[in-house]
Amino acid sequence: MEEGRLCQWSVCRSLLAIVQWWGFNVTVIIINKWIFQKLDFKFPLSVSCVHFITSSFGAYMVIKVLKLKPLIVVDPEDRWKRIFPMSFVFCVNIVLGNVSLRYIPVSFMQTIKSFTPATTVILQWLVWRKYFDWRIWASLIPIVGGILLTSITELSFNMFGFCAALFGCLATSTKTILAESLLHGYKFDSINTVYYMAPFATLILGVPAMLLEGNGIMEWFETHPSPWPALIIIFSSGVLAFCLNFSIFYVIHSTTAVTFNVAGNLKVAVAVLISWMIFKNPISGLNAVGCGITLVGCTFYGYVRHLLSQQPPGTPRTPRTPRNRMEQLLPLVNNNDKLDDKI
């Protein structure tokens, strides 16, 4: 009886964690698109900078003031040798995500972001010469095919936004791969990651944002009919972005890896549906099919990686993948890869 109640509570806790994660994630994406499209605040560098500032403050409050999370101590030397390079890639990743959101619909942007597993595998194979099980390569076929179909049939296609989203995938993959080496020995969670990287990202992006967008923001402030309420929305998006990082920490500790993978792909579908209901961007039938194929491919990819990670050491590998060079497969989502287009 007691075990049954514990099981029910565990299921309820997992569902609550997933729902609140979905809520924060979809809300942040929709608000960012609303800022660019409805508020006519077409300054993605400044929006990213606001998010970095609010996230830096939020992480400081959680760790230093409220002490809800213990601080992971990093050597001062490692902050510049390890954290700063990661922060630069992290900054580029977030900026490219917001730039793409400025030019293309949420549905298209989210579908392209699902290309990240493929870019990660391809980069590791080309640059680091890592070998993968044939099932990993097979699982990438529907992802690539779905992305191609979606791109060809996108009715609101914009080349600049498409390239920004695609290079954002490369930045995400680079960040994931670098984290394996640069952050070796540090077990970062999402809050500590924000605590260390967001201040560096603010320093990196602050000056370019002022130089490239400062005059435009002043002009927007003078011509916009309600600038102060609009600024409240912009800063609120930064607060929600930090809350999203906290919700990620909660959902990771409340669900299994497989559940997290499936929920993450369903989250993309929910974001696409809600964004379409709000912004009414045209979506063709083939475009929707391409998006669906991509999400199914991502789910299959995560399932394959989970199966391979559960194999005992002596399990035979494919003959074309030498055992001594077989990649130690990274989790589909690890503790250093929680911040894609979140802050």
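**Pocket, glycine and helix pair: a quick briefing**

The second largest pocket holds about 230 Å³ of space. Keep in mind that this is a predicted model. Besides that pocket, here's a look at G23 in helix α1 and at how helices α5 and α7 pack.

**The second largest pocket**
- Rolling a probe the size of a water molecule over the atoms shows where empty space is left.
- Three elements each give two or more residues to the lining of the second largest pocket: α2 (44-65), α8 (190-223) and α9 (227-252).
- If you want names for the lining, you've got F41, S46, C49, V50, I53, G206, A209, M210, I217, L231, I234 and F235.
- By character, that lining splits into 10 nonpolar residues, two polar ones and no charged ones.

**G23**
- G23 sits in helix α1, which covers residues 2-37.
- Its relative accessibility is 35%, so G23 counts as partly exposed; that class runs between the 20% cut-off for buried and the 50% cut-off for exposed.
- G23 and V270 are 247 residues apart along the chain, yet their C-alpha atoms are separated by 9.7 Å.

**Helices α5 and α7**
- Two packed helices are described by the angle between their axes and the distance between the axes.
- Here, α5 (residues 116-126) packs with α7 (residues 159-182) at an angle of about 55°, and the axes are 8 Å apart.
- That angle makes α5 and α7 oblique to each other, because it falls outside the ranges under 35, 65 to 115 and over 145 degrees.
- As for handedness, α5 and α7 cross in a right-handed way.

Definitions and conventions. Residues numbered from 1 in each chain as written. Predicted model: local features only at pLDDT ≥ 70, side-chain atom pairs only at ≥ 80, totals over all residues. Heavy atoms only, no water. Helix = DSSP H or I, 4+ residues; strand = E, 2+ residues; numbered from the N terminus. Buried < 20%, exposed > 50% of the residue type's maximum accessible area, 1.4 Å probe, protein only. 1 Å grid on protein atoms, 1.4 Å probe; cavity = no way out; pocket = protein on both sides within 12 Å on 5 of 7 lines; lining within 4 Å. Points joined across faces, edges and corners; volume = space filled by probe spheres on them. Nonpolar A, V, L, I, M, F, W, Y, C, P; charged D, E, K, R; others polar. Axes fitted to C-alpha atoms, helices over the stretch in contact; angles between N-to-C directions. Left-handed = near helix turned anticlockwise from the far one by under 90°.
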